[in-house]
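Got the viewer open and a hand on the mouse? Let's take a short walk from strand to strand, and then out to a few side chains.

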Amino acid sequence: MAKKRPQTKAKRPQLTDGEIPVVGAREPCPCGSGRRYKACHGRAAAHAVTELVQRPFEGLPGECDWVALRELVPAATVELTLRDGLPEGVPSVTLATVLPMAWPALRRDDGSVLLGLQNDTASGDISRDLADTLLRALEAEPGTPVQGRRAPAEGPRLQDLLDAEAPFEPVVHTGFEFWVPDAENATPDVTASLERANAAAIPTVRLQGVDAAYWCETPEKNHLRWVMPHPEEQLLDALARLHAAGRSSLGEGTRLVGSFRAHGLTVPVWDLPNGVGAQDVEKPAAEFAERLAAALATDAPLTADERRARGGLTNRQVTLS
C-alpha cells in the first residue's frame, strides 16, 4: 500500500477577527485557515446579517424621529454631527429620507454628503448598514453616489459615529428639491426621479408642541401618527385607560384607531377629518400628552372596560419592522 502523505497543517490565522474582510461564501477565508469563508469567519458574519436588531436607533438623539423618518415621512432632512468632526473636504453630512435613484448615499460635487434612510439594508442591523454607507460616502470622490453592500459584521454603528450630545432636528419638506442645488441643470435621470418622487409624496407636517408626532393628508382622511418611546405594554395600558374613559381623541371627529410597531417602538394612529390640519391638532396633542403622562403613572390593575379597550387596540396593531 502506498504511504499516505503527511497532511500539512494550515498556518495559524495571522489576522484578528476584527481585521478579517468580507469575501464570497465559497472563497478561501482571508484569515489563512485554509477553509472556505462560510465555514470559518463567515459564520459570524452570516449570523450578524440575519440577526434582527429590534431597536436599531436606540441610544441616538431623537430615536423616535429616526423611526418616523424611516417609516412615515416622505421628504425630510436632518443635519448630522459626527463624533470626531467632519473630515477635510466634507463641509456637511445630511440625513435624507430618500435620495434620487434610491441611492444609499451621495457625495455631492462640493464634497458634502447625503445619507439615505429609507433604503433596503443587507443585514438585520439598519444602524450598522447606514454607518458603513456613511463611512464610504465620506471617502467617495465628489460627484459620485455610493452603492449598497453588506456591511462587515464587526463594523461600527451609527451610535459609534454620531455625536450623542448633538440635537436631532428634522426639517420636513413639501418635495424633494433638496436633492440638487440647481434643479434646472440636473441630469435627465435625476429630473425624472425627482418628478416621480414629488408626485408620490403625501403632504406631511411635524408638530411643534410634542415630540415625533406627524400629521399627514390623504385623499380619504387625514391622520396623526405619533412615535412614542414608552415601553409597549405600559403604553398600551395607558392608552386603554384613556380610551375607556373617552379621553383618547384629539377633538371632535377624531379618534384613536390603533397603533403599529416600528423598530422597537409603538406608534399610535389617529384618524382626523379632512378639514383638520396640522395646526388644528397642535393644542389637542399637547393636552393629550398631559393626559397620557398621568395614565402612564398609574399602576392600578385595568378595569373590565379598560381590558376590553386594550384588546381592541392590540387587535388592530400591526408590525412594520
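Start by selecting strand E9, residues 222–226: five of its five residues are buried, so the strand is largely enclosed by the rest of the structure. Buried here means under 20% relative accessible area, exposed means over 50%, and partly exposed is in between (1.4 Å probe, protein chains only). Helices (H or I, at least four residues) and strands (E, at least two) are DSSP runs, numbered from the N terminus.

A quick word on what you're looking at: this is a predicted model, where local features need pLDDT of at least 70 and side-chain atom pairs count only at pLDDT 80 or more, while totals for chains, interfaces and linings use all residues. Residues are numbered from 1 along each chain as its sequence is written, and side-chain values use heavy atoms, with hydrogens and water left out.

**Stop 1: the neighbours of E9**

Show the side chains of E9. Asn222, Leu224 and Trp226 point one way, His223 and Arg225 point the other way, and all are buried.

Now add strand E8, residues 213–217. E8 pairs with E9 in the antiparallel sense over five bridges; two strands count as paired if DSSP finds at least two bridges between them. For a spot to zoom in on, take glutamate 217, whose bridge partner in E9 is asparagine 222. Follow the backbone from E8 to E9 and you trace a hairpin, with four residues between the two strands.

Which strand is joined to E9 by four bridges? Select residues 265–272: that is strand E11, and it runs antiparallel to E9. Here arginine 225 has valine 269 in E11 as its bridge partner.

**Stop 2: the whole sheet**

Zoom out and colour the strands. Six of them form an open sheet in the order E7-E8-E9-E11-E10-E12, with mixed pairing. The edge strands are E7 (204–206) and E12 (318–319), each of which pairs on one side only. In general, strands of a sheet pair through backbone hydrogen bonds, either parallel or antiparallel. For a parallel example, select strand E10 (residues 255–262), which two bridges join to E12. Arginine 261 stands opposite threonine 319 in E12.

**Stop 3: aromatic rings**

Switch on the aromatic side chains. A search of the whole structure finds seven aromatic pairs. Rings of Phe, Tyr and Trp (its six-membered ring) pair if their centres lie within 6.5 Å; planes under 30 degrees apart count as stacked, over 60 as edge-to-face and the rest as tilted.

Select tryptophan 226 and tryptophan 270: the ring centres are 5.9 Å apart and the planes sit at 45°, so this pair is tilted. Tryptophan 226 lies in strand E9 and tryptophan 270 in strand E11, so the pair ties together parts that are 44 residues apart in sequence. Are these two buried or exposed? Tryptophan 226 is buried, with a relative accessible area of 5%, and tryptophan 270 is buried as well, at 0%.

Keep tryptophan 226 on screen and add phenylalanine 288. They form a tilted aromatic pair too, 5.9 Å centre to centre with 55° between the planes. Phenylalanine 288 lies in helix H7 (residues 282–296) and tryptophan 226 in strand E9, so this pair ties together parts that are 62 residues apart in sequence. At 0% relative accessibility, phenylalanine 288 counts as buried.

Elsewhere, pick out Phe57, Trp66 and Phe168, which form one aromatic cluster.

**Stop 4: salt bridges**

Next, the charged side chains. The structure holds 14 salt bridges, a salt bridge being a side-chain nitrogen of Lys or Arg within 4 Å of a carboxyl oxygen of Asp or Glu.

Go to helix H3, residues 126–139, and find arginine 136 and aspartate 132, four residues apart, about one turn of the helix. They form a salt bridge, with the closest N and O atoms 3.2 Å apart. Arginine 136 counts as partly exposed at 22% relative accessibility, whereas aspartate 132 is buried at 8%.

For a network, select Arg55, Glu58 and Glu63, which are joined by salt bridges that share partners. Within it, arginine 55 and glutamate 63 meet at 2.7 Å, N to O. Arginine 55 is partly exposed, at 27% relative accessible area, while glutamate 63 is buried, at 11%.

Last selection: aspartate 125 and arginine 128, whose side chains meet in a salt bridge at 3.7 Å, N to O. Both residues are buried.
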